[in-house]
Amino acid sequence: MPDETTRERYHHGDLQRALIAAAEAILTERGVEGFTLREAARRAGVSAAAPAHHFGSAAGLLTEVALLGFETLTRFLREGAASGGTDPAARLHGQGMGYVRFARAHPARFLLMFRKDRLNWDDVRLRAAGQAAFAELEDAVRAYRGVAAGRPLDRAALTTVLAAWSVVHGFAHLALDGKLDGIGEAHGAGPLDDAILPEMLAGLWPAPAR
């Protein structure tokens with residue numbers, strides 16, 4: 001914990017980052033139900049009133065963690081799409097892998113980001129960040145289904161967007177909950193993220209026939 005001298009040297013942005021890091025650490029250890037502003041303040045080495053002063057409430061601080069989560073998810077989706085090169089199916093599959101990799105790498109953020117009850121969803125920054133992440137998936141599906149940018153999604157494209165999101169989101173939750181542990185090894189398939197998920201995605205959304 002920072003000492004008194006360190007406390008005095010905190011700048012506004014540094015303190016915000018310290019509190020966000022403390023919040024994420026608590027979420028990792030205790031989950032959202034075990035989060036308190038007082039504990040975040042203690043870990044950051046500041047007064048109990050400091051988090052409320054900077055973020056307004058527990059929801060305000062958790063919203064900052066969720067905002068960081070959506071921004072990180074967008075990066076993972078872009079990297080996943082890039083791994084597929086110029087092939088639309090491969091880019092969509094790469095995004096699915098990127099989604100699960102994000103959840104594995106940042107479980108606390110992932111498990112918080114969609115909590116309607118704990119976040120300030122009236123925060124325009126949070127809504128914009130969520131929409132930006134969703135737009136990455138939508139763009140990949142547009143390319144896969146041949147729907148031009150700016151045109152409304154047809155039924156097939158909308159179905160693909162929702163199905164793809166549901167599949168990878170559900171897979172990520174099962175993985176983080178430990179429900180997939182040992183299944184791949186028991187059937188000689190190896191880690192399911194690497195062995196089964198790519199096959200699932202390719203089976204659901206195969207490369208279009210040429």
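**Exercise 1. Place Glu39 in the fold and describe its surroundings.**

Step 1. Glu39 sits in helix 3, residues 37–44. Helices here are DSSP runs of H or I with at least four residues, numbered from the N terminus.

Step 2. Note the basis. This is a predicted model, where local features need pLDDT of at least 70, side-chain atom pairs count only at pLDDT 80 or more, and totals for chains, interfaces and linings use all residues. Residues are numbered from 1 along each chain as its sequence is written, and side-chain values use heavy atoms, with hydrogens and water left out.

Step 3. Check the exposure. Glu39 has a relative accessible area of 10%, so Glu39 is buried. The cut-offs are under 20% for buried, over 50% for exposed and partly exposed in between, with a 1.4 Å probe and protein chains only.

Step 4. List the contacts, meaning heavy atoms within 4.5 Å. With neighbours within four places in sequence set aside, Glu39 touches Ile26 and Arg30.

**Exercise 2. Compare the settings of two salt bridges, Asp14 with Arg17 and Arg115 with Glu33.**

Step 1. Fix the term. A salt bridge puts a side-chain nitrogen of Lys or Arg within 4 Å of a carboxyl oxygen of Asp or Glu. Side chains of opposite charge can pair when their charged atoms come close.

Step 2. Take Asp14 and Arg17. Their N to O distance is 2.6 Å. Both lie in helix 2 (residues 12–30), 3 residues apart, about one turn of the helix. Asp14 is partly exposed at 30%, while Arg17 is exposed at 53%.

Step 3. Take Arg115 and Glu33. Their N to O distance is 2.9 Å. This pair links distant parts of the chain, 82 residues apart: Arg115 is in the loop between helix 7 (107–113) and helix 8 (124–145), and Glu33 is in the loop between helix 2 and helix 3. Arg115 is partly exposed at 22%; Glu33 is exposed at 60%.

**Exercise 3. Describe the Arg75 and Glu79 salt bridge, then name the members of a salt-bridge network.**

Step 1. The closest N and O atoms of Arg75 and Glu79 are 3.4 Å apart.

Step 2. Arg75 and Glu79 are 4 residues apart in helix 5 (residues 58–83), so about one helical turn separates them.

Step 3. Arg75 is partly exposed at 41%. Glu79 is partly exposed at 44%.

Step 4. Through shared partners, salt bridges join Glu29, Arg30, Glu39, Arg42 and Arg43 into one network.

Step 5. Set this in context. The structure holds 14 salt bridges, and its chain has 12 helices and 0 strands.

How values were computed. Helices (H or I, at least four residues) and strands (E, at least two) are DSSP runs, numbered from the N terminus.
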